Amino acid sequence: MKKRFYITTPIYYPSANAHIGHAYCTTMCDILARYKRMRGVETYFLTGTDEHGEKIQKNAEAKGVSPQQFVDEIANNFQNLWKAMKISNDDFIRTTQDRHVKVVQDVFSKLYQNGDIYLGRYEGWYCTPCESFWTDTQVGEEHLCPDCHRPVHKASEESYFFKTQKYLPNLLEIMDKNPKFILPINRKNEMMNTFIKPGLDDLCVSRTSFDWGVQIRENPKHVIYVWMDALTNYISALGYDSDNPEKFKKFWEDPDCEIVHIVGADISRFHVIYWPMFLMGLGLRVPDRVFVHGLLDLNGEKMSKSRGNVVSPLPLIDKYGVDTVRWFLAREFSFGSDGRFSPELFVERINVDLANNYGNLINRTSAMINKYFDGVVPELKNPSQKEKDLQFLTEKVIKNYENLMDDLKVTEALSEATELLNAANKYIEESQPWVLSKEGKIEELGNVMAVLTNSIIVGTKLLSPALVESSEKVFDQFGLPKELRSYESVYKFCPYTGLKVSKGNPLFPRLDPKIETEYIASLAAK
Ligand code: MSP
């Protein structure tokens, strides 16, 4: 594991308020960032908003406000949402900030001076919602954007172009030598077959038909293409090309920092093809991994404001708590695959994993420790095979969990951690503590409580990057002192003798499927 970790979300367009699909990527990054910090890795987690471009300018005009006023309000809403979701980002970059604008202009100048950029004329198609250029073949006879399937418009304007062929051999070599550069690995074939093999055109990197963007210093009637502007955020936020490049040195230039971009499938080509090429032109290192996640739909339909079927995470957080939303997003479908949000799936996931499995284990264990041992965790003495088996399983789960998380397999890692909780619930059934109590087998009964406590605390630590609020509550309920809250203590078995456990309130009350699915469905309908 490298000493440092730099993780980024895409920067979101503040063209409309965030929905649960946007919250998905940010939550997954947050879990990874929290996991790395928990492991003692110096971590920097960046998110932000991508505030320039034709789409924003048009939306602002439609609302009758200036583009800056328009983005100020929505960028603020994004930041409030991340607070509500307990996102632990270290910075929030906005592309209209001076610290960013200057760097974008410098980046353009450097690439221009290098001979990587030349002036020409763009004749082709443009999709404003995606801010993407497309060729005749790509838009087909119906002239629809291959990504969002909305109509594209013809663009014909003087533009600067970036020479992609210059860096293509280098990019192909990186992809070849580093099989983890694009993850999951099947995404690499998609990139090759859809964009690289058919022939990669030079990329148009400036626009003249509107002005809401970063001006090119050398030719101010052009604004820099919003994707070149946006991608630069990953280095401008670290202080690249500024008077204070400390973070850039630590989190970009230092080879002992792992650089990871997490992006949705719809924007992977910008991160996997053009961004590394820009970096090569600047003489900078390329990221270690670009992880491409799937898209979340709502009841089987693409979420979009125009269809009126977006769900905001806020009312869900208000009603069910932030951890339920984080858990659903992280656990419901595998990170990397497409997934679905529906009221039924949400209620079922929370009931099965959090209420029945995790919550129930905590309730039963704390109640039994109070009933049989006055709330004090007993010592593990002369463990039987059952306790040894559980110790073995705990060690295996920890190892698998760490390997999976380090491989960015967040869903699988969390699912591995729940194996420990399943095993602990099963262990209660098998060891029947109520019978041990009746028969006066106090030492055996004590062992069961000690091992259950260990399973709960270790399980909670492994889940804590996702369950940020409830993990703290569990540690409080089990009276965990500061020194035992560190991650390192998971490697010891049953070091919790003498802790005072309170009965506590159920952390995750079971949701009534009928009432709650109706309520959640009404949120989507609004
Ligand atoms: N501004 C660009 C990104 C620039 S990064 C240098 C952009 N913004 S976006 O707001 O349209 O999308 C941001 C991210 O949100 C993308 O990764 C996109 O995949 C993700 N999602 C938007 N809707 C989503 C779902 N329904 N499900 C999962 N992710 C979704 O593109």
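Trainee: Which atoms of Y13 and the ligand lie 3.1 Å apart, and what makes that a polar contact?

Mentor: In this predicted model, a backbone N or O atom of Y13 is 3.1 Å from an oxygen atom of the ligand. The cut-off for a pair of N or O atoms is 3.5 Å, so this pair counts as a polar contact.

Trainee: Which residues come nearest to the ligand?

Mentor: Of the 21 residues around the ligand, they are I11, D50, G264, D266 and L296. A polar backbone atom of G264 is 2.9 Å from a ligand oxygen, and a backbone N or O atom of L296 is 2.9 Å from a ligand nitrogen.

Trainee: Let's turn to E131. Why is E131 said to have no salt bridge?

Mentor: The nearest side chain of opposite charge, R207, is 4.6 Å away. A salt bridge must be within 4 Å, so the E131 and R207 pair does not qualify.

Trainee: What does the side chain of E131 reach, then?

Mentor: The backbone nitrogen of E54, at 3.0 Å. The side chains of E131 and Y126 are also joined, by a polar contact of 2.6 Å. E131 itself is buried and sits in the loop between β4 (117–127) and β5 (132–134).

Trainee: How do you know that β6 and β8 pair?

Mentor: Two bridges join β6 (residues 153–162) to β8. Pairing needs at least two bridges, so these strands pair. The bridge partner of F161 in β8 is C204.

Trainee: What makes β5 and β8 the edge strands?

Mentor: The open sheet has the order β5-β4-β6-β8, with antiparallel pairing. β5 and β8 (203–204) each pair on one side only.

Conventions
Residues are numbered from 1 along each chain as its sequence is written. This is a predicted model: local features need pLDDT of at least 70, side-chain atom pairs count only at pLDDT 80 or more; totals for chains, interfaces and linings use all residues. Side-chain values use heavy atoms; hydrogens and water are left out. Helices (H or I, at least four residues) and strands (E, at least two) are DSSP runs, numbered from the N terminus. Buried means under 20% relative accessible area, exposed over 50%, partly exposed in between (1.4 Å probe, protein chains only). Lys and Arg count as positive and Asp and Glu as negative; His and the chain ends are not counted. A polar contact is a pair of N or O atoms within 3.5 Å; within protein, one must be able to donate a hydrogen and the other to accept it, and residues adjacent in sequence count only if both atoms are side-chain atoms. A residue is near a molecule or strand if one of its heavy atoms lies within 4 Å of it.
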